[in-house]
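Colleague: I am new to this protein and would like to be taken through it step by step, with the reasoning set out for each answer.

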Amino acid sequence: MKKRRFLALCLICFSLMVAIAACNTRLQNQIVIGSKNFTEQLILAEILAQHIEANTNLKVERRLNLGGTFVCHQAIVAGEIDVYVEYTGTAFTAILKKPPISNSQQVYQEVKQAYAKQFQLELTEPLGFNNTFAMLIRGEDARKENIKTLSQAAQKAPEWKAGFGYEFIERKDGFSGLAKTYGLRFSEPPRVMDLGLMYRAIKERQVDLIAGASTDGLIERLDLVVLKDDKQYFPPYYAVPIVRKQTVEKYPQLRQALQQLGGIITEKDMQNLNYQVDAEGKDVKQVAQQFLKSKGLVKN
């Protein structure tokens, strides 16, 4: 009886191992694209996926909404995904733990070299736009108090409440450094909020200042004002696809396809794409497809 149970247990374990191996085995000519968990990342991942599918013989599995920066970074290092879009300043400060600097070319080159050496990851050509942190206040407040810069906002901040995402609170290039640079002090400690809820909170006057992104589609719709970073605290955050070296060595056509996307998206383009999804409720796949068609990268 014990022998039968042992054999049965061995059979179950073997079956589980086979099942797990099957789940981890990819189809021939298949790559995996991942994304962080906000609208812009979903759009960018879909643009990459559709362009690759249209211009190579590769099949693309999409693993979107994975989480924040560190989740996506660990996923690509572990080989769970092959490609995702990162921002140069984020890689520089959050992953490489370097102090913020404003030279965009230096940031790109240092990240490219460090990622290749430490993680066996390759940076391709930047997509074209800089998605920097945007410190936002209501337009009516900006006009009433004549506030245009972060230095001016710092004088009013003791009367305000702020709402920031978790990453912005924790990151080296986030709130602590910003507060020190501008002497920011609020009426109470900043609230840690989901990125999607911050816009509702500022609209409903639950908070008075939030940390968004310069390409967010809701900025114009909600009549928000981006405060000028007059002390140049934030580093450049150019969007750039990151790919595993092992993957591009196996599929050289992937590198070529990603290079074709270099410089095609302006900051205004990205803001408009985000607006279509966040404000107009359009489908991410359709928005990405129409954009690629407008650039002549996908046939009708």
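The conversation below goes from the whole protein to its strands, its largest pocket and a few single residues.

Colleague: How many helices and strands does the secondary structure of the protein come to?

Modeller: Please keep in mind that this is a predicted model. The C-alpha atoms fill a box of roughly 80 × 55 × 40 Å along the principal axes, and buried residues make up 49% of the 300 residues in the protein. Within that frame, the secondary structure comes to 15 helices and 10 strands.

Colleague: In what order do the 5 strands of the open sheet stand?

Modeller: The edge strands, each of which pairs on one side only, are S7 (191-192) and S9 (224-226). Strand S6 (residues 162-164) runs parallel to S7 and is joined to it by 2 bridges, with Gly163 having Arg191 as its bridge partner in S7. The pairing in this open sheet is mixed, and the order of its strands is S7-S6-S8-S5-S9.

Colleague: At about what angle to S8 does helix H10 run?

Modeller: Helix H10 covers residues 195-203, while strand S8 covers 209-213. The helix lies across S5 (133-138), S6, S8 and S9, and its angle to S8 is about 140 degrees.

Colleague: Which element gives the most to the lining of the largest pocket?

Modeller: The largest pocket has a volume of about 780 Å³, and the residues that line it number 33, with Phe38, Leu195, Met198, Ala213 and Asp216 lying nearest its centre. By class, this lining has 14 nonpolar, 12 polar and 7 charged residues. At least two residues of the lining are supplied by each of H2 (39-55), H8 (166-170), H10, S8 and H14 (267-278), and the element that gives the most, with 4 residues, is H10.

Colleague: Is Thr39 buried or exposed?

Modeller: Thr39 has its place in helix H2, and, leaving aside neighbours within four places in sequence, Thr39 is in contact with Asn274, Val277 and Asp278. Buried means under 20% relative accessible area. Because the relative accessibility of Thr39 is 18%, Thr39 counts as buried.

Colleague: Which residue in S10 is the bridge partner of Val85?

Modeller: Strand S3 (residues 83-87) pairs with S10 in the antiparallel sense over 5 bridges. Strand S4 (residues 121-123) also runs antiparallel to S10, joined to it by 3 bridges, and there Leu123 stands opposite Ile242. For Val85, the bridge partner in S10 is Pro241.

Colleague: How many of the 6 residues of strand S10 are buried?

Modeller: On one side of S10, Ala239, Pro241 and Val243 are buried, and on the other side Val240, Ile242 and Arg244 are buried, so both faces are covered. Strand S10 (residues 239-244) is therefore largely enclosed by the rest of the structure, the number of its buried residues being 6 of the 6.

Colleague: What is the phi of Asn146, and is this residue buried or exposed?

Modeller: Asn146 is found in the loop between helix H6 (139-145) and helix H7 (150-156). Although Asn146 is not a glycine, its phi is positive, at about 55 degrees. Because its relative accessibility is 51%, and exposed means over 50%, Asn146 counts as exposed.

Colleague: Where is Gln232 placed?

Modeller: Gln232 is a residue other than glycine with a positive phi, near 50 degrees. At 59% relative accessibility, Gln232 counts as exposed. Its place is in the loop between S9 and S10.

Terms used:
Residues are numbered from 1 along each chain as its sequence is written. This is a predicted model: local features need pLDDT of at least 70, side-chain atom pairs count only at pLDDT 80 or more; totals for chains, interfaces and linings use all residues. Side-chain values use heavy atoms; hydrogens and water are left out. On a 1 Å grid over the protein atoms alone, a cavity is a set of points where a 1.4 Å probe fits but cannot get out, and a pocket is an open set with protein on both sides within 12 Å along at least five of seven lines; lining residues have an atom within 4 Å of a point. Grid points are joined across faces, edges and corners, and a volume is the space filled by probe spheres set on the points. Ala, Val, Leu, Ile, Met, Phe, Trp, Tyr, Cys and Pro count as nonpolar, Asp, Glu, Lys and Arg as charged, and the others, Gly among them, as polar. Two strands pair if DSSP finds at least two bridges between them. Contact means heavy atoms within 4.5 Å. Axes are lines fitted to C-alpha atoms, for helices over the stretch in contact, and angles run from 0 to 180 degrees between N-to-C directions. Buried means under 20% relative accessible area, exposed over 50%, partly exposed in between (1.4 Å probe, protein chains only).
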